[in-house]
Amino acid sequence: MPLLHHARRFAAASPQALPRFTIGSDRAGRWVVNDREGRVGGIFVSRDAALHFAAEECDHDLSQISFAPGETALRLIEGGPDPIVH
């Protein structure tokens, strides 16, 4: 089942809890996944790849994923694990 088809449902996330993952694109047109908890994240070549990664990381709980309204960048947390770029 294509994840892109379900992307509209992400916007209906519960207002009570902040989503764990935010997906957006950067100035170069790459897709970025930021983790609110600072555990994982990455840069991806497509929206579908970023969405797939985030969905897998949160066990397909669509309420845990949101999309950035504008341009975004990968946020790295100081002292966290070394980032892996995909």
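Which residue of β2 is the bridge partner of Gly24? The answer is Val32. That pairing is a good way into this predicted model, starting with the sheet.

**Overview**

The protein chain has 86 residues, and 34% of them count as buried. There are 1 helix and 4 strands. Along the sequence the pattern reads β-β-β-α-β. Among contacts between residues at least 6 apart in sequence, 57% join residues at least 24 apart.

Confidence comes next. The mean pLDDT of the chain is 80, and 70% of its residues reach 70 or more. Among the elements, α1 has the highest mean pLDDT, 97, and β3 the lowest, 94.

**The sheet**

The 4 strands form an open sheet in the order β3-β2-β1-β4, and the pairing is mixed. β3 (41-44) and β4 (65-67) stand at the edges. Each has a single partner strand, so one side of each is left without a neighbour in the sheet. From one strand to the next, the twist averages 20°.

β1 covers residues 21-25 and β2 covers residues 31-35. They pair in the antiparallel sense over 5 bridges. Besides Gly24 with Val32, Thr22 has Asn34 of β2 as its bridge partner. β1 and β2 form a hairpin with 5 residues between them. In its turn, Gly29 has a positive phi of about 85°.

β2 also pairs with β3. These strands run antiparallel and are joined by 4 bridges. Trp31 has Phe44 of β3 as its bridge partner. β2 and β3 form a hairpin too, with 5 residues between them. In that turn, Gly38 has a positive phi of about 75°.

How many of the 5 residues of β2 are buried? The count is 4, so β2 is largely enclosed by the rest of the structure.

**The core and the helix**

Which residues make up the largest nonpolar core? There are 11 in all: Phe21, Ile23, Val33, Phe44, Ala50, Leu51, Phe53, Ala54, Ala55, Cys58 and Ile65. β1 and α1 (47-57) each supply at least two residues of this core. α1 gives the most, with 5 residues. In soluble globular proteins, nonpolar side chains tend to be buried together.

The buried residues of α1 include Ala50, Leu51, Phe53, Ala54 and Ala55. What covers the buried residues of this helix includes β1, β2, β3 and β4.

The core also holds an aromatic pair. A search of the whole structure finds 1 such pair. It is formed by Phe44 and Phe53 and is tilted, at 5.1 Å centre to centre and 40° between the planes. Phe44 counts as buried because its relative accessibility is 7%, under the 20% cut-off. Phe53 also counts as buried, at 15% relative accessibility. Phe44 therefore appears in three roles: as a core residue, as the bridge partner of Trp31 and as one ring of the aromatic pair, buried at 7% relative accessibility.

**The loop after the helix**

Most residues other than glycine have a negative phi. Asp59 has a positive phi of about 55° although it is not a glycine. Asp59 comes just after α1, in the loop between α1 and β4. His60 is in the loop between α1 and β4 as well. Phi of His60 is near 60°, again a positive value in a residue other than glycine.

Are these two residues buried or exposed? Asp59 counts as exposed at 66% relative accessibility, while His60 counts as partly exposed at 38%.

**The segment after β4**

Thr72 is found in the segment after β4. At 17% relative accessibility, Thr72 counts as buried. What is Thr72 in contact with, leaving aside its neighbours within four places in sequence? The contacts are Gly24, Ser25, Asp26, Val32 and Asn34. Gly24 and Val32 among them are the bridge partners from the opening. Asn34 is the bridge partner of Thr22.

**Accessibility at a glance**

| Residue | Relative accessibility | Class |
|---|---|---|
| Phe44 | 7% | buried |
| Phe53 | 15% | buried |
| Thr72 | 17% | buried |
| His60 | 38% | partly exposed |
| Asp59 | 66% | exposed |

Definitions and conventions. Residues are numbered from 1 along each chain as its sequence is written. Side-chain values use heavy atoms; hydrogens and water are left out. Two strands pair if DSSP finds at least two bridges between them. Axes are lines fitted to C-alpha atoms, for helices over the stretch in contact, and angles run from 0 to 180 degrees between N-to-C directions. A nonpolar core is a set of buried Ala, Val, Leu, Ile, Met, Phe, Trp, Tyr and Cys residues joined through side-chain atoms within 4.5 Å. Buried means under 20% relative accessible area, exposed over 50%, partly exposed in between (1.4 Å probe, protein chains only). Contact means heavy atoms within 4.5 Å. Rings of Phe, Tyr and Trp (its six-membered ring) pair if their centres lie within 6.5 Å; planes under 30 degrees apart count as stacked, over 60 as edge-to-face and the rest as tilted. pLDDT is the predictor's confidence in each residue, from 0 to 100.
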